[in-house]
Amino acid sequence: MRYRLTFIAGVALGYVLGTRAGRERYEQLKKSARQFAQNPAVRNTCETAAQSGREFAGKAYQAVGEKVGDKVPASVTDRVRSMRGRGNGKGVEDDWGTTNT
C-alpha cells in the first residue's frame, strides 16, 4: 500500500510539472509564431504569393474556358469574376477578414 501511494504521488507530481512546462513551451511557440506572422517581410511575401495565385487562377480559367466553351457552370463563372476584382487595389475584404490594399 505504501508503494502505491508513493507511486500515485509521483505520477501526480510529474503530471503537474509536465503540464506546467508544456504550457510554458506552448506560450513561447505561440508568441514566436505571432511575431513571425507580423513581420512586414513575411506579410508582403504572403500578399504577393496570394496575388500571383489569383492571377494564375484567372489565366488558367481563361485557358480552360477557351477549350471547354459554354460548359462551365454559372456558379464557377461568378466566383472567378468576384476573385478578379480583389486584386485591383480597392481595399476589398477577403475570406480571412483582412483587407487587400
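How many helices and strands are there in the chain? The count is 3 helices and 2 strands, and the model they come from is a predicted one. Starting at the N terminus, the elements follow the order α-α-α-β-β.

Here is the chain as a whole. It has 101 residues, and 7% of them count as buried. Its accessible surface adds up to about 8700 Å², with 59% of that belonging to carbon and sulfur atoms. What about contacts along the sequence? Take the contacts between residues at least 6 apart in sequence: 17% of these join residues at least 24 apart.

Now for helix H1, which covers residues 2-37. Phe7 sits in this helix, and Phe7 teams up with Ile8 and Val11 to make a nonpolar surface patch of about 320 Å². Is Phe7 buried or exposed? Phe7 has a relative accessible area of 58%, and because anything over 50% counts as exposed, Phe7 falls in the exposed class.

Further along come the charged residues. Searching the whole structure turns up 2 salt bridges, and here they are side by side:

| Salt bridge | Closest N and O atoms | Spacing in helix H1 |
|---|---|---|
| Arg23 with Glu27 | 3.0 Å | 4 residues |
| Lys30 with Glu27 | 3.9 Å | 3 residues |

Glu27 takes part in a bridge with Arg23 and in another with Lys30, and the three residues are linked in a salt-bridge network. Why can such pairs form? Side chains of opposite charge can pair when their charged atoms come close. The helix itself helps to explain the spacing: an α-helix has 3.6 residues a turn, so residues three or four places apart point the same way. Arg23 and Glu27 fit that picture, lying about one turn of the helix apart, and Lys30 and Glu27 are likewise separated by about one helical turn.

How open are these residues to the outside? Glu27 is partly exposed, at a relative accessible area of 31%. Lys30 is also partly exposed, with 35% relative accessibility.

Then there's helix H2, made of 29 residues, 40-68. From first C-alpha to last, H2 reaches 41 Å, close to the 42 Å you'd expect at 1.5 Å a residue. Which residue caps the N-terminal end of H2? That is Asn39, which places a side-chain oxygen 3.1 Å from the backbone nitrogen of Ala41.

Terms used:
Residues are numbered from 1 along each chain as its sequence is written. This is a predicted model: local features need pLDDT of at least 70, side-chain atom pairs count only at pLDDT 80 or more; totals for chains, interfaces and linings use all residues. Side-chain values use heavy atoms; hydrogens and water are left out. Patches are made of residues with over 30% relative accessible area and no salt bridge: like charges are joined within 9 Å, nonpolar side chains (Val, Leu, Ile, Met, Phe, Trp, Tyr) within 5 Å. Accessible areas come from the Shrake-Rupley method with a 1.4 Å probe; for residues, only the protein chains shown count as cover. A salt bridge is a side-chain nitrogen of Lys or Arg within 4 Å of a carboxyl oxygen of Asp or Glu. Buried means under 20% relative accessible area, exposed over 50%, partly exposed in between (1.4 Å probe, protein chains only). The expected span of a helix is 1.5 Å times one less than its number of residues. A polar contact is a pair of N or O atoms within 3.5 Å; within protein, one must be able to donate a hydrogen and the other to accept it, and residues adjacent in sequence count only if both atoms are side-chain atoms. Contact means heavy atoms within 4.5 Å.
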